Amino acid sequence: METILRPLIVVGGSVLFTLVIGWATDLLLRKADERHPETPLWGLLRRARIPYQVVLCAALLRGSYDEAGLLEGRQAGVGRTLTLVLIGSAAWLVIRITAAVVETSYSRYAQAHAQRDPARVRRVRTQVSLIMRVVSAVVGVVAAASMLLTFPDMRAAGASLLASAGVLGIVAGIAAQSTLGNLFAGLQIAFGDMVRLGDTVVVNGEWGTVEEITLTFLTVRTWDERRITMPVSYFTSKPFENWSRGTPQMTGVVYWHLDHSAPLDAMRERLRDILRGCPAWDGRAYNLTVTDTTPSTMQVRALVTAKDADDIWTVRVEVRERMIRWLADEHPYALPRVSTAQAPRRPDHDGLPHARRAPDEEPHRFPRRSGKSL
């Protein structure tokens, strides 16, 4: 009877104690979250309840398993397994708690500076994301090393691994040159403020928004919902356009190719009226000038302003469409035309124009030879 009750009490008691403690902790976090809605810390800490319970259960079983008397011939293997579970769940718990604390700090910072300096908030968000990835990687490596050290054979091989660490480091550096380059480029982007999450960029002629930044790659979401993924080393070695650098305010350009008789003064007044009726225009400035001319048309350019890249696109397309529609309705002569009038006819020898002859009726360009002999 004792052989049945002892394992049941040890294992069942550990599991039951874990569930009770986990339920009580979750209840306390829920109450704290309801009392303090100004901070998301307590709600974020609730995400760590699963690794918390796993750590608690593994620790209880690891400390009391010898008393259970189960699998007496395999106690060493079971104990090592519980140790591995404990190390892995502890690393998981550390990552979750760290993420909750960092996310709470960022939320407070974003609420305080979102209106005054949105560019700085995006930069901090980029740094926080990359820092969390670095922390996760470091904790994972430490956890994996701790798991390996639980095996006696790995401890014996530690001396030889340390002795050959220099050679292995050189070989690994050469083999993973591109990976290490991207890793350091990711850290440079995070703390060099070159590109941030949410920035509007133009890369290889593609316009889009930075959606994700990791230690090795960066994802740009284009205006047509495509995703362009490229190594972060691209942004440290090649030029690219960052429309969100500094202030988000932008100036846009709209071109028209019109006839030389286009009413420029009326177009300037019409541009002013269009912009006043466009909510995306920020009211800073506008202008309309002739920038180029050809034998048949002239190039008219309008400059408009907006508070960010999205609004400048809206202003440009609305100005272009409404101006063309207004010209077509009110001043159709201002649109480019292709001349289809008949060219003036060449005058004859007597000064009067003549009809065009057929090819076989064309006058001879050279005098005919006479049939008389010399």
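Start by selecting Gly 283, which sits in strand β7 (residues 281–293). The model on screen is predicted. Gly 283 has a relative accessible area of 42%, so it counts as partly exposed. Now add Thr 305 to the selection. The two residues are 22 positions apart along the chain, and their C-alpha atoms are separated by 7.2 Å.

**The whole chain**

Zoom out and show the chain as a cartoon. Its secondary structure comes to 12 helices and 8 strands. The chain has 374 residues, of which 30% count as buried. Among contacts with a separation of 6 or more, 64% are between residues 24 or more positions apart.

Next, colour by pLDDT. The average over the chain is 76, and 72% of the residues score at least 70. Select residues 354–374, where pLDDT stays under 50. For this stretch the model has 8 contacts beyond four places in sequence. Where pLDDT is low, the predicted coordinates should not be read in detail.

**Two stops in helices**

Select helix α1, residues 2–35, and find Thr 18 in it. Is Thr 18 buried or exposed? Its relative accessible area is 4%, so Thr 18 is buried. Leaving out residues up to four places away in sequence, show what Thr 18 touches: Gln 53, Leu 56, Cys 57 and Leu 60.

Move to helix α5, residues 118–149, and pick Val 135. Val 135 has a relative accessibility of 25% and therefore counts as partly exposed. Add Val 94, which is 41 residues from Val 135 along the chain; the C-alpha atoms of the pair are separated by 9.7 Å.

**The sheet, strand by strand**

Select strands β1 to β5. In what order do the 5 strands of the open sheet stand? The order is β4-β3-β2-β1-β5, with antiparallel pairing. The edges are held by β4 (227–231) and β5 (241–242); each has a single partner strand, so one side of each has no neighbour in the sheet. Strands of a sheet pair through backbone hydrogen bonds, either parallel or antiparallel.

Begin with β1 (residues 200–203) and β2 (residues 206–213), an antiparallel pair with 4 bridges. Label Val 201 and look across to Gly 208, which is opposite in β2. Then label Val 203, whose bridge partner in β2 is Glu 206.

The two strands form a hairpin with 2 residues between them. Select Asn 204 in the loop between β1 and β2. Its phi is near 55°, a positive value in a residue other than glycine. Most residues other than glycine have a negative phi. Asn 204 counts as exposed because its relative accessibility is 62%.

Step across from β2 to β3. These strands pair in the antiparallel sense over 5 bridges, and a hairpin of 3 residues joins them. To see one point of the pairing, select Val 210 and Val 220; Val 220, in β3, stands opposite Val 210.

Continue from β3 (residues 217–222) to β4, where 5 bridges join the antiparallel strands. Thr 219 faces a residue of its own type here: Thr 229 in β4 stands opposite. How many residues lie between β3 and β4 in their hairpin? There are 4. Select Glu 225, found in the loop between these strands. Glu 225 has a phi near 70°, again a positive value in a residue other than glycine.

**The largest pocket**

Finish at the largest pocket, which has a volume of about 270 Å³. To display the lining, select these residues:

- Trp 207, Trp 223 and Trp 243, among the lining residues
- Met 250, Thr 251, Gly 252 and Val 253, also among them
- Ala 309, Asp 310, Ile 312, Trp 313 and Arg 316, which complete the lining

Colour β6 (250–258) and α12 (309–330), each of which supplies at least two residues of the lining. Which element gives the most to the lining? That is α12, with 5 residues. Now colour the lining by class: 8 residues are nonpolar, 2 are polar and 2 are charged.

Key
Residues are numbered from 1 along each chain as its sequence is written. This is a predicted model: local features need pLDDT of at least 70, side-chain atom pairs count only at pLDDT 80 or more; totals for chains, interfaces and linings use all residues. Side-chain values use heavy atoms; hydrogens and water are left out. Two strands pair if DSSP finds at least two bridges between them. pLDDT is the predictor's confidence in each residue, from 0 to 100. Contact means heavy atoms within 4.5 Å. On a 1 Å grid over the protein atoms alone, a cavity is a set of points where a 1.4 Å probe fits but cannot get out, and a pocket is an open set with protein on both sides within 12 Å along at least five of seven lines; lining residues have an atom within 4 Å of a point. Grid points are joined across faces, edges and corners, and a volume is the space filled by probe spheres set on the points. Ala, Val, Leu, Ile, Met, Phe, Trp, Tyr, Cys and Pro count as nonpolar, Asp, Glu, Lys and Arg as charged, and the others, Gly among them, as polar. Buried means under 20% relative accessible area, exposed over 50%, partly exposed in between (1.4 Å probe, protein chains only).
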